[in-house]
Structure formats: structure tokens, C-alpha cells
Amino acid sequence: MPLIERLTALLAEVEGTYGTDPTPTAADDAISALDLSIVPQMEVHDRDVQSSVFSNLVPVRGKQWYEVSFKTHVKWNNNTGGLLADFQDTPLWRAAGCARTRSGVTPDVQDAIDPSSSGSLDSATLYVFKDGVRHVVRGVRLNAKMILETGKPGVIEWSGKGLYQTPTDVATPTPTYDSTDPPAVLSSSFSYAAVTTPIPSKLEFDLGNVISERPSSREATGIVGFIITARKPTIKIDPEQLLVATRNLFNDIANSTSIAIAIDAGSTNGNIVQLRAHTCYAKSLGEGSREGVRTHEMEFVCAGTSNNEFQIVYT
């Protein structure tokens, strides 16, 4: 019987101990995902020995791990009749080396996502169900890329690596998903160095995590785990070109001017996501075109001194 591509489910939960499965449940840990991909990676070492015949010897299997990628919509859930203890993307942000802090009193509650550099960053276990086949991915570390494009729901592209174990046949559960609809990127505020004149059609924020492998000859898969060893957050925007008198973008890159960039997705209280990067430096300033209008293709590095390169606030 064929397996149906659409019949797929993703569960995610933060691990108490690295690599230990916390057993995520369909009722509490479901992730409403798009374009979910899970690919087992298997090292194979050929044995190209010299011989009297052209026949090949059996190759030797090496390290094994999982690579995963998927998307989630940019949204929050404080306008659906009850704020969840953890909103959908909480375990994903934590597995991406970020901390979540909740503040305020209902209904004026907000969740803030801030980068962290702790030596004990969180990891997550993912359950990936593919129409009766379950992949359990422990010790997952992630990177995040947020894309906010005019007129579309914002998305976060998640990608990462985790420990391999053999998949098994398990019926796909019926998850309980957060019912909040994601807002389109409309009526959004955008500011560049406290100036609202620039008009971009798209903003991309890349967390820029470096996910490093920890090889170990003690492990059957050759890998004891994965760890985030660095990050380099960047922002890309495509604003319409301006007169130099309005804003001299050329001087911003030539003089390494510190720029604050801010954007909001959504306008309904309880389902607004705000990105704030207070110290950005232009890395490149290219030319582009949009419907016959001149644009710039700009990339910035988000700088900081104490885990303050950026903040994402769900409010």
C-alpha cells in the first residue's frame, strides 16, 4: 500500500538531558509544519583496492545522522481564548540556542526570544510521522531563518541535525494544533535607523547558527551529539532606492554606521511578532529592480556584546 505524502505529522519537545527522548505527545507537542524533510545521512567508504579484476569490494559504512528541515508560520496564540504555556515554536527556538522569557499579566502578556551562549544550550527530540513510519530524532540542534514578505504569511525556515536511530512502523497520531491563523505581512511597521522612509518588500533574518558534530568512536553511529559553536545573525532587505539627501545608504556601508532595524508582522494584539536588531552594520549594498522601480539589495550583520544582537517579541 502506498504511503501518502500529505499524511505527515511533526512533534517536538525540549530534552531534559541531551539525547534523552522526553516522549513528545500529539496532544501537547504538535508542530504545524510545512515542507517537512527528514533525510538519513550515511557515510559510505569505498574500498578501491588494487586487484586483478574490476569487481568492487563491499564498502564500509561510517557515521550516521539525521538532517531535518521544515517551515512554520510566524504567529502567536494570545488571541484564541487562552494562552498556552508554551507557544508552538518554543521548543524550536530553544533548540536553536535561544531563550524564551514570558512577562506581563494576561491579557498583556508577551514572549521574548533572545540569543544565548550558555554551554548548556537546550536540545530537542523530534517525532516525524510519515503515514505509518515514525522517525525519532534525538539531540536536535537547529538554525532559524525568518522570512517576512509583503502580502504573505511570515514563515520560519528551520534546519538542523540530530542523532540517527532506525525508524519504526507506528501509526500517525491525530495532533492537536494551535488554531491561530498567521497574519499576512500587511499594515506592518518598518524602520531603518529610526527612519520609516525606506520601503522594502521582503525582510530575511538568518540566525546563522554553526552546528558542529561531535564524533565518537564509542557510539554505534559514530556521533555522540551536535552542538552550536557559533552564530552570525544577518538581515537582508530590498528597499526602494532613495535620494542621498533622504538617507545616504552609501555612507552607511562606507562608514560602518550602526543601524537599528525593526519590523512588525501582524497588527492584532495577541498575534503580533516583532523583530528588533539594534546594532546592525551593512555588509553589502547591491542594485535591484522591482516592477521597474530601482531597489537596493542590502545585507547586514547583527552585532552585540552580551547576547543582545536581536530580540524577537511575540505580543
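This report describes the fold, the nonpolar core, strand pairing and selected residues of one protein chain.

**Overall fold**

The model is predicted. The protein chain contains two helices and 19 strands. Along the principal axes, its C-alpha atoms occupy a box of roughly 75 × 55 × 40 Å. The chain has 315 residues, of which 42% count as buried. Of the contacts between residues at least 6 apart in sequence, 69% connect residues at least 24 apart.

The accessible surface of the protein chain amounts to about 15800 Å², and carbon and sulfur atoms account for 49% of that area. As to charge, there are 27 positive and 36 negative side chains, and 4 Å separates the centres of the two sets.

**The nonpolar core**

In soluble globular proteins, nonpolar side chains tend to be buried together. In this model, the largest nonpolar core comprises 53 residues. Trp93, Phe205, Ile235 and Ile312 have the most contacts inside this core. The element that gives the most to the core is strand S8, residues 133–149, which supplies six residues.

What surrounds Ile235, leaving out residues up to four places away in sequence? Its contacts include Leu203, Glu204 and Phe205, as well as Ile261, Leu275, Ala277 and Cys280. Ile235 also touches Met298, Glu299, Phe300 and Cys302. Phe205 thus appears both among the residues with the most contacts inside the core and among the residues touched by Ile235.

**Pairing around strand S9**

Strand S9, residues 155–163, pairs with strand S4, residues 60–73, in the antiparallel sense over nine bridges. S9 also pairs with S8, again in the antiparallel sense, over eight bridges. Trp158 in S9 takes part in both pairings: Phe70 stands opposite Trp158, and Trp158 is the bridge partner of Ala144. S8 and S9 form a hairpin with five residues between the strands. In this hairpin, Gly151 adopts a positive phi near 85°.

**Glu43 and its contacts**

Glu43 lies in strand S3, which spans residues 34–45. Is Glu43 buried, partly exposed or exposed? Glu43 counts as partly exposed because its relative accessible area is 24%, between the limits of 20% and 50%. Beyond its neighbours within four places in sequence, Glu43 is in contact with Val60, Arg61, Gly62, Lys63 and Trp65. For one of these residues, Val60, the C-alpha atom is separated from that of Glu43 by 8.5 Å, with the two residues 17 apart along the chain.

**Positive phi outside glycine**

Two residues other than glycine with positive phi are listed below.

| Residue | Phi | Place | Relative accessible area |
|---|---|---|---|
| Asp35 | near 50° | strand S3 | 56% |
| Ala193 | about 55° | loop between strands S11 and S12 | 22% |

Asp35 belongs to strand S3, the strand that also holds Glu43. Why does Asp35 count as exposed? Asp35 does so because its relative accessibility is 56%, and exposed means over 50%. Ala193 lies in the loop between strand S11, residues 190–192, and strand S12, residues 200–206. With a relative accessible area of 22%, Ala193 is partly exposed.

Technical notes. Residues are numbered from 1 along each chain as its sequence is written. This is a predicted model: local features need pLDDT of at least 70, side-chain atom pairs count only at pLDDT 80 or more; totals for chains, interfaces and linings use all residues. Side-chain values use heavy atoms; hydrogens and water are left out. Helices (H or I, at least four residues) and strands (E, at least two) are DSSP runs, numbered from the N terminus. Buried means under 20% relative accessible area, exposed over 50%, partly exposed in between (1.4 Å probe, protein chains only). Contact means heavy atoms within 4.5 Å. Accessible areas come from the Shrake-Rupley method with a 1.4 Å probe; for residues, only the protein chains shown count as cover. Lys and Arg count as positive and Asp and Glu as negative; His and the chain ends are not counted. The place of a charge is taken as NZ of Lys, CZ of Arg, CG of Asp or CD of Glu. A nonpolar core is a set of buried Ala, Val, Leu, Ile, Met, Phe, Trp, Tyr and Cys residues joined through side-chain atoms within 4.5 Å. Two strands pair if DSSP finds at least two bridges between them.
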